[in-house]
Structures are given as structure tokens and as C-alpha cells.
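Hi,

Here is the structure I promised to pass on. Have a look at it first, and then read on for what I found.

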Amino acid sequence: MDANSYKTKSINKASVKKEWFVIDAEDQILGRFASKVANILRGKHKTYFTPNADCGDNVIILNADKIRFTGKKMDEKEYVFYSGYPGGQRWESAKSLLERRPTYVVEHAIDGMLPNNKLGREIFRNLYVYTGTEHPHSAQQPKPLKF
């Protein structure tokens, strides 16, 4: 056997083939949905996945306001916001936050499943979340993706 045929390919930003996917979040469970989207953003579904490079795809999420929580999370789950000032800590339930800022709930769940470093912040820029069924990325010809 030729040992040269087993060389591990290391991908960089120039050699990555990025695709665009559009995903409908209607009636999806938030945590399971977010973990699948995070894998696509990270590029773990590709054969040439490189952990230190942004080799993932661009993802467009529609109907973020129709995402589901299981159990009592809709009423009991709390999101914490802190302004940095004394007494500036605020709590908000998932139900009220989903009504007020539905895209934040989905973005927060996916962001928590990405690496907490420069690469994770760069990967997060490939995510686009919208509340309705319309999006301004039709020129990229995104492929529909179902889970």
C-alpha cells in the first residue's frame, strides 16, 4: 500500500466549499434543533472537517417564533441579562422572551453549542435567523434542509 494515499488533508479558508441551507424551525424542539444546526455551521458533517478552520456552511433559519420547548421550560426557563452595573441583573422567562425577541432564543441556543473563542464567533456570523417565512438571501440559492 502506498502511504501517500493516507495523507490527512488540512483545510484552510481558501479551500473550503461553503453551501447555503434554509431550515424551517416550525414545531422543532429547541435543543435538538440547535445541536443539529451547530454541527452544520461547524462543518462536522463534511468529510474534510478541520477543527481549527471555519469549514461549515451558511444556515438560514425561518419561523424562529414557532420553535417549541418540552416540559415546563416555556414557563420555568429563565434567561439572565446583566448590564454590568450593581443591581443591573434582569431575568426573563422563555415565554415572554419568545414573544418579544424570538430570534434571540434560537441564536442563544446555537451560540452556546459553538466553540467559545475567535473561531466560534466567526462561525456564528454564518447564521441568519428570521421570524417569518421570507428571507433576503434568495440570490445565494439556499437548499432546503429537513431534520
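Which side chain does the side chain of D57 make a polar contact with? Keep that in mind while you get your bearings; one thing to know before you start is that this is a predicted model.

The partner is K46: its side chain and that of D57 make a polar contact at 2.8 Å. To find D57, go to the loop between α1 (30–42) and β2 (58–62). Its relative accessibility is 1%, and because buried means under 20%, D57 counts as buried. Setting aside residues up to four places away in sequence, D57 touches K17, K18, E19, F21, I40, L41, H45, K46 and N126.

Stay in that loop for a moment, since D54 sits between α1 and β2 as well. D54 is buried, with a relative accessible area of 11%. Its side chain has a polar contact of 3.3 Å with the side chain of K18, and another of 3.2 Å with the side chain of N126. Apart from neighbours within four places in sequence, D54 is in contact with V16, K18, L41, L119, E122, I123 and N126. You may recognise K18, L41 and N126, which are also among the residues that D57 touches.

Next, go back towards the start of the chain. I11 lies in the segment before β1 (20–24), and I11 is buried, at 13% relative accessible area. Which residues does I11 contact, leaving aside its neighbours within four places in sequence? They are V16, Y48, T50 and A53. For T50 there is a distance too: the C-alpha atoms of I11 and T50 are 6.1 Å from each other, although 39 residues separate the two along the chain.

Now for the core. Nonpolar side chains in soluble globular proteins tend to be buried together. Here the largest nonpolar core has 29 residues, and V37 and I61 are the ones that touch the most other members. Two or more residues each come from β1, α1, β2, α3 (94–100), α4 (102–111), α5 (118–124) and β5 (127–129). The biggest contributor is α1, with 7 residues. If you centre your view on I61, you will see contacts with I23, A25, F33, V37, V106, I110, L127, Y128, V129 and Y130, not counting neighbours within four places in sequence.

Two of those contacts, V106 and I110, are also buried residues of α4, along with P102, Y104, V105 and A109. What do the buried residues of α4 pack against? They pack against α1, β2, β3 (78–82), α3 and β5.

Last, the largest pocket, which holds about 160 Å³ of space. Its lining is made up of I29, L30, G31, R32, R68, F69, T70, K73, K77, Y79, H108 and A109. The elements giving two or more residues to that lining are α1 and α4, and α1 has the largest share, with 3 residues. Sorted by class, the lining has 5 nonpolar, 3 polar and 4 charged residues. A109 is worth picking out on screen, as a residue that lines this pocket and is buried in α4.

If you only have a few minutes, try D57 with K46, then I61 in the core, then the pocket lining.

Cheers

Note on methods
Residues numbered from 1 in each chain as written. Predicted model: local features only at pLDDT ≥ 70, side-chain atom pairs only at ≥ 80, totals over all residues. Heavy atoms only, no water. Helix = DSSP H or I, 4+ residues; strand = E, 2+ residues; numbered from the N terminus. Buried < 20%, exposed > 50% of the residue type's maximum accessible area, 1.4 Å probe, protein only. Polar contact = N/O pair within 3.5 Å; in protein donor to acceptor, adjacent residues only side chain to side chain. Contact = heavy atoms within 4.5 Å. Core = buried A, V, L, I, M, F, W, Y, C linked by side-chain atoms within 4.5 Å. 1 Å grid on protein atoms, 1.4 Å probe; cavity = no way out; pocket = protein on both sides within 12 Å on 5 of 7 lines; lining within 4 Å. Points joined across faces, edges and corners; volume = space filled by probe spheres on them. Nonpolar A, V, L, I, M, F, W, Y, C, P; charged D, E, K, R; others polar.
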